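Thank you all for coming; I would like to spend a few minutes on the charged side chains of this structure, and then on its sheet. Please have the model open while I talk.

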Amino acid sequence: MTRDWDDLADELGVRAVADGEPTRWYDELWSAAGRGDVPLPWDHTDPHPLLAEWTAQGAAERTAEHGDGGGRRAVVVGCGLGGDSEHLAREGWRTTAFDISPAAVTAVRDRYPDSPVDYRTGDLLELTPDLRGAFDLVVEIYTLQALHPSLRERAVAGVRGLLAPGGTALVVQVVRRDDQPRTAEPPWLLTRAEMEAVAGDGVELASLDEVLPAGRVNPLWRMLLTRP
Ligand SMILES: C[S@@+](CC[C@H](N)C(=O)[O-])C[C@H]1O[C@@H](n2cnc3c(N)ncnc32)[C@H](O)[C@@H]1O
């Protein structure tokens, strides 16, 4: 292996945007990893600490609104290698997890061949009818910021579109300050105002905090949305 996956991601992302095909680079990157050209990207088996915290809080409270899945339906957007989706399945959520990259879905199925999670190829920008309004919990961690800003409106509509009435969405992204310029390469981080704009169309902002989980370098937005 000759290079870092994140250098390749920058290069592929910039080129895909310049070519007017801004969603092309994810499968290019995952396929390069599948061939062994670079290490697997976003490689972790543990859940994101903010998801783990949210589910632990729910398990402790045993409320209907939080955590413990109790067979309710969850979806993980841009699931990558499945750390979050496997966690939700262990917590009792009937879990679907999708990624735009077929190579990513191959990698996660290879990693968890006996998983109860429904792993599938899917595009947040073009939700299939069976995913629309189907989920009590939507987990969206770092995919909005991986999508070029020209796709943001459609991506946001996708997040909203997954939520069932009464459902909750947990959205986690790296903080971009108002005075911090956008980069040419991914990730294209979100400001507070851009995070707030994820609410709308019947989906309400429940909370938006800036947090720094232990061991992390970059402050994160942690947002909870609900569809009443
Ligand atoms: C930054 S990675 C994060 C992966 C995972 N959520 C994690 O935290 O480890 C973003 C993932 O979203 C996927 N992705 C990008 N655009 C997508 C889209 N429109 N629909 C579904 N998945 C997408 C990419 O292939 C990639 O696996």
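Let me begin with Arg 24, which counts as partly exposed because its relative accessibility is 24%, and do keep in mind that we are looking at a predicted model. The side chain of Arg 24 meets that of Glu 21 in a salt bridge, with 2.8 Å from N to O, and Glu 21, at 40% relative accessibility, is likewise classed as partly exposed. This pair does not stand by itself, since Asp 19, Glu 21, Arg 24 and Glu 28 are linked in a network of salt bridges. For the whole model, the count of salt bridges comes to 17.

Now to a second pair, Arg 177 and Glu 210, which form a salt bridge whose closest N and O atoms are 2.8 Å apart. Here the partners come from distant parts of the chain, 33 residues apart, with Arg 177 in the loop between strand E5 (163-174) and helix H7 (192-196), and Glu 210 in strand E6, residues 204-211. Arg 177 has a relative accessibility of 37% and is therefore partly exposed, and Glu 210, with a relative accessible area of 37%, is partly exposed as well.

Strand E6 also supplies Asp 209, which pairs with Arg 222 of strand E7 (residues 220-226), a link between distant parts of the chain that lie 13 residues apart. The closest N and O atoms in this salt bridge, between Asp 209 and Arg 222, are 3.2 Å apart. Is each partner buried or partly exposed? Asp 209 is partly exposed at 29% relative accessibility, whereas Arg 222, at 19%, counts as buried, because the limit for that class is under 20%.

That brings us to the sheet to which these strands belong. It is an open sheet of seven strands with mixed pairing, in the order E3-E2-E1-E4-E5-E7-E6. Strand E3 (118-121) and strand E6 stand at the edges, and because each has a single partner strand, one side of each is left without a neighbour in the sheet. On average, and with direction ignored, neighbouring strands of this sheet are turned by 15° against each other.

Within the sheet, E5 and E7 pair in the antiparallel sense over seven bridges, and Gln 173 stands opposite Trp 221 in E7. Finally, helix H5, residues 102-111, packs on the sheet, where it touches strand E2 (94-99) and E3, and its direction makes about 160° with that of E3.

How values were computed:
Residues are numbered from 1 along each chain as its sequence is written. This is a predicted model: local features need pLDDT of at least 70, side-chain atom pairs count only at pLDDT 80 or more; totals for chains, interfaces and linings use all residues. Side-chain values use heavy atoms; hydrogens and water are left out. A salt bridge is a side-chain nitrogen of Lys or Arg within 4 Å of a carboxyl oxygen of Asp or Glu. Buried means under 20% relative accessible area, exposed over 50%, partly exposed in between (1.4 Å probe, protein chains only). Helices (H or I, at least four residues) and strands (E, at least two) are DSSP runs, numbered from the N terminus. Two strands pair if DSSP finds at least two bridges between them. Axes are lines fitted to C-alpha atoms, for helices over the stretch in contact, and angles run from 0 to 180 degrees between N-to-C directions. Contact means heavy atoms within 4.5 Å.
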